[in-house]
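Take the chain one strand at a time. Keep the sequence beside the view and find each element as it is named.

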Amino acid sequence: MKVLFVASFSPIVADPKAARRLFIDGLDLPLDQSQGDYVYGDKLAGSKHFGLWPLEEAARSCFGVDTWPAHLRVPQASVEFEVEDVAAAAAELVGKGHELIHPVRTEPWGQTIARVLSPDGLVVGVCYTPWMH
C-alpha cells in the first residue's frame, strides 16, 4: 500500500453547536463550508481537509443508519489516508487481519473509500479523492 498523504481529519462531534463554538468561534478555524451539520474547510495550512463530523452523520455514512452501533466503540475522530488504489489497500488491510466497517465504495461526493475502526475508536479511511489530484 502506498499512502500519498493525509486527505482529511475530522473530530467526530456529538454536539455540533458546541464543537462550532470551540473550533470556529474559539480557534477561528477557516471552516467556511457546510453540508447539513457537517462543517469543513480546505484552507487550513497543513491539512487538505478539516471538518467537524457529527456522530449521526458518521453513523449514516459508515452504516446507513443514524445511530452508531452499540457493539462498537464510539469514535472520537476520523482520519483518511489518500492511496493510489483503494481496493488494493482495503484488501491489504483485510489480509493483515483488520475488519472493514464497510467495503470499498464511492460516496455521493465522489470520494472512493473503505474504513476500519482502530482499537482506540478512530475511524481510519483509505481513500481516493479526485479533486485533491
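The paragraphs below follow one strand and its partners, then turn to a single residue elsewhere.

This is a predicted model. Begin at strand β8, residues 122-128. Is β8 largely enclosed or open to the outside? Five of its seven residues are buried, so the rest of the structure largely encloses β8.

Next, look at the strands that pair with β8. Strand β5 covers residues 77-83 and runs parallel to β8, with six bridges between the two. Strand β7, residues 112-117, also forms six bridges with β8, but in the antiparallel sense.

One residue ties these pairings together. C127 of β8 stands opposite E82. C127 is also the bridge partner of I113.

Now follow the chain from β7 into β8. These two strands form a hairpin with four residues between them. Stop at G121, where phi is positive, near 90 degrees.

Leave β8 and go to strand β3, residues 38-41. V39 lies in this strand. Is V39 buried or exposed? Its relative accessible area is 5%. The cut-off for buried is under 20%, so V39 counts as buried.

What is V39 in contact with, once neighbours within four places in sequence are left aside? Earlier in the chain, the contacts are R20, I24, L31, Q33 and S34. Later in the chain, they are F50, G51 and L52. F23 gives a distance to check: its C-alpha is 10 Å from that of V39, and the two residues are 16 apart in sequence.

Methods. Residues numbered from 1 in each chain as written. Predicted model: local features only at pLDDT ≥ 70, side-chain atom pairs only at ≥ 80, totals over all residues. Heavy atoms only, no water. Buried < 20%, exposed > 50% of the residue type's maximum accessible area, 1.4 Å probe, protein only. Pairing = 2+ DSSP bridges. Contact = heavy atoms within 4.5 Å.
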